[in-house]
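Please open the model in your viewer and keep the sequence panel visible. The tour below proceeds by selections, each followed by an account of what is found there.

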Amino acid sequence: MATITGPIDVSALRARLDRASAAAEQAGVDALLISPGSDLRYLIGAGGDSFERLTCLALPVGGTPTLVVPKLEQPGYAAIPTDELGVEVVTWVDGEDPYALVKAALKGSRTAVADMMPALHTIKLGQAIGGTQSLAGPIIRELRMRKDAAEIDALRKAGAAIDRVHARMGEFLRVGRTEREVAHDIALAIVEEGHTVADFVIVGSGPNGASPHHRDSDRVVEAGDVVVIDIGGPVAEGYNSDSTRTYVMGEPAYDDVRDTYAVLQAAQQAAVDAVKPGVTCEEVDAAARSVIADAGFGEFFVHRTGHGIGLDVHEEPYIVSGNSLPLEAGMAFSVEPGIYLPGRWGARIEDIVVATPDGVESFNNRPHDLVVL
C-alpha cells in the first residue's frame, strides 16, 4: 500500500515531473519507468514498497504520465491529486497483464527503469516493451541532488529532531545497561522527538565502536567505554536525519582517547569548513582525510567522508575520493569522518550539512566535544 505522510505541493510535484521528462529526453530515452520507493515519492508524493503485483509510473517523453496500479492498491493512491498533476491512473486486476498496460502508455521502446525496481518486474517489462533498458538513477539523481527550499526545511526539521535525541542521551546511555537496552530507548525517543520511525540506531560500546556499522548487542556498557551513537529516521515529509556523536562513560579506559578524538574533531571541522559551491566532493573528503592521515591514523579511517541525504538516508552526492562533482547550492550530505582502532575503541562525528550560495549550513548543532556521561 502506498504511504502518504506529509503535505503535497502540487506545483512542486508537477515541476518535478516536467523536469524528469526533460531530463529523460536529454539522456536519450523515451520514458522513465518508476516503481514504488523514494523516486516515486519524489515525483508524485507517494511512497510505499514494490510487491509481486506491478505498480509503475510510466513517464513518457512528450506524453501523459501514467500510473499503472493494481486495483486493490488504488485506495493507497487516492490522496494523490492525479488530475492536477496530469497523471492518468490505470488499474488492473489479477489475471490481466500490467506490463502490456505500461507498454500502451509509451511512445517508444528506449526505457530507463528505477534502480531499485525488482528484477521480477524489470525483466517482464523488458520482454513486453522490447527495445533497450537502462537505469533511471543517473537521470533522477540529477534532480534529487539539488534540494529546493521545502526539502531543505524538511532536512532542517529532521536535524533539529535528532539533535533533541542526542541531548537526552544521559537518560539512556548508562553503565550497566546493554547496548540493546540503550538502543531500544533511543528508538522510542527518536519517534517522541518528531520522527515517524526510528530508521536505524547504532550503539557501539568499547571495542564494538571500532566497527563502523555495528548495530547493537548484549554487551554491557562498562565504565571507561567510548561509545559511538549513530541515529536517524524520517520526519513526516519523508526527509531523513542522520547524526553521530561519541560519548565516554567517565574517565576513558585508554590514555590515547582524548588526543585521538581531538584529531577527529579537527578533521570533521576541516571538512565542514571546506564546503562551498565549486568545491568538489573529493576535496571535502580530502580535507578530513588529510588531517587524520597527517596525525598517523590514516589506515583507521576506513570509509568515505559522507553521503547525500534526502528521501533516502544514502543518496547522491557521495563525499569520497574520486568523485570530482563540484558542489552546488542545495546539495545536502553528511560529513562524518571516523577513527576506528580494532579491538579497542572507535569514534565518529557526523553532521548533515547543505551547500549554500556562499558557504555551508549545518542541520546538526549539538557540541562536537567528547561527551562525558
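A residue is called buried here when its relative accessible area is under 20%, and exposed when that value is over 50%. The model on display is a predicted one.

**First selection: residues 16–145**

Begin with residues 16–145, which the unreviewed UniProt entry annotates as "domain: Creatinase N-terminal". Over this span the chain is 37% helix and 21% strand. Its end C-alpha atoms are 13 Å apart.

Within this selection, colour helix α5, residues 119–129. Which residues of α5 are buried? They are His 121, Thr 122, Leu 125, Gly 126 and Ile 129. These residues cover an arc of only 135° around the axis, and therefore they lie on the same side of α5. Turn the helix to view the face directed away from the buried side; Ile 123 and Gln 127 are exposed there.

Now display what covers the buried residues of α5. The cover includes β1 (31–34), α4 (98–104), β5 (110–113) and β6 (132–135). Before leaving the helix, select Gly 130, just after α5, where phi is positive at about 75°.

**Second selection: strand β1**

Proceed to β1, one of the elements covering α5. Show the side chains of the strand: Ala 31 and Leu 33 point one way, while Leu 32 and Ile 34 point the other way. Are these four residues buried or exposed? All of them are buried.

The partners of β1 may be added next. Strands of a sheet pair through backbone hydrogen bonds, in either a parallel or an antiparallel sense. With β5, β1 runs parallel, and three bridges join the two strands. Leu 33 has Val 113 as its bridge partner in β5. With strand β2 (residues 56–60), β1 runs antiparallel, and four bridges join them. In that pairing, Ile 34 stands opposite Leu 57 of β2.

**Third selection: residues 154–356**

Move on to residues 154–356, where the unreviewed UniProt entry places the feature "domain: Peptidase M24". The span is 32% helix and 22% strand, and its end C-alpha atoms lie 16 Å apart.

Next, display the open sheet made of four strands in the order β7-β8-β9-β17, with mixed pairing. Which are its edge strands? They are β7 and β17 (371–372), each of which pairs on one side only. Helix α9 (residues 179–192) packs on this sheet and touches β7 and β8. The direction of α9 makes about 145° with that of β7.

For the pairing of β7 with strand β8 (residues 226–232), look for six bridges in an antiparallel arrangement. One pair to label is Phe 200 with its bridge partner in β8, Gly 232.

**Fourth selection: Ser 205**

Remain on strand β7, residues 200–205, and select Ser 205. Ser 205 counts as buried because its relative accessibility is 0%. Which side chains make polar contacts with that of Ser 205? The side chain of Glu 179 does so at 2.6 Å, and that of Arg 219 at 2.8 Å. Setting aside residues up to four places away in sequence, Ser 205 touches Glu 179, Arg 219, Val 221, Asp 225, Val 226 and Val 227.

**Fifth selection: the β15–β16 hairpin**

Finally, select strand β15 (residues 351–356) and strand β16 (residues 359–362). The two strands form a hairpin with two residues between them. Their pairing is antiparallel over four bridges. Label Ala 355 and Val 360 to see one bridge pair, in which Val 360 is the partner in β16.

Then centre the view on Ser 362, which belongs to β16. With a relative accessibility of 23%, Ser 362 counts as partly exposed. Its side chain reaches the backbone oxygen of Asn 364 at 2.7 Å. Apart from neighbours within four places in sequence, Ser 362 is in contact with Asp 351, Ile 352 and Val 353.

As a last step, draw a C-alpha to C-alpha distance from Ser 362 to Ser 50. The two residues are 34 Å apart in space and 312 residues apart in sequence.

Notes:
Residues numbered from 1 in each chain as written. Predicted model: local features only at pLDDT ≥ 70, side-chain atom pairs only at ≥ 80, totals over all residues. Heavy atoms only, no water. Buried < 20%, exposed > 50% of the residue type's maximum accessible area, 1.4 Å probe, protein only. Arc of directions from axis to C-beta. Contact = heavy atoms within 4.5 Å. Polar contact = N/O pair within 3.5 Å; in protein donor to acceptor, adjacent residues only side chain to side chain. Pairing = 2+ DSSP bridges. UniProt positions renumbered as here; feature names shortened; annotations may be inferred. Axes fitted to C-alpha atoms, helices over the stretch in contact; angles between N-to-C directions.
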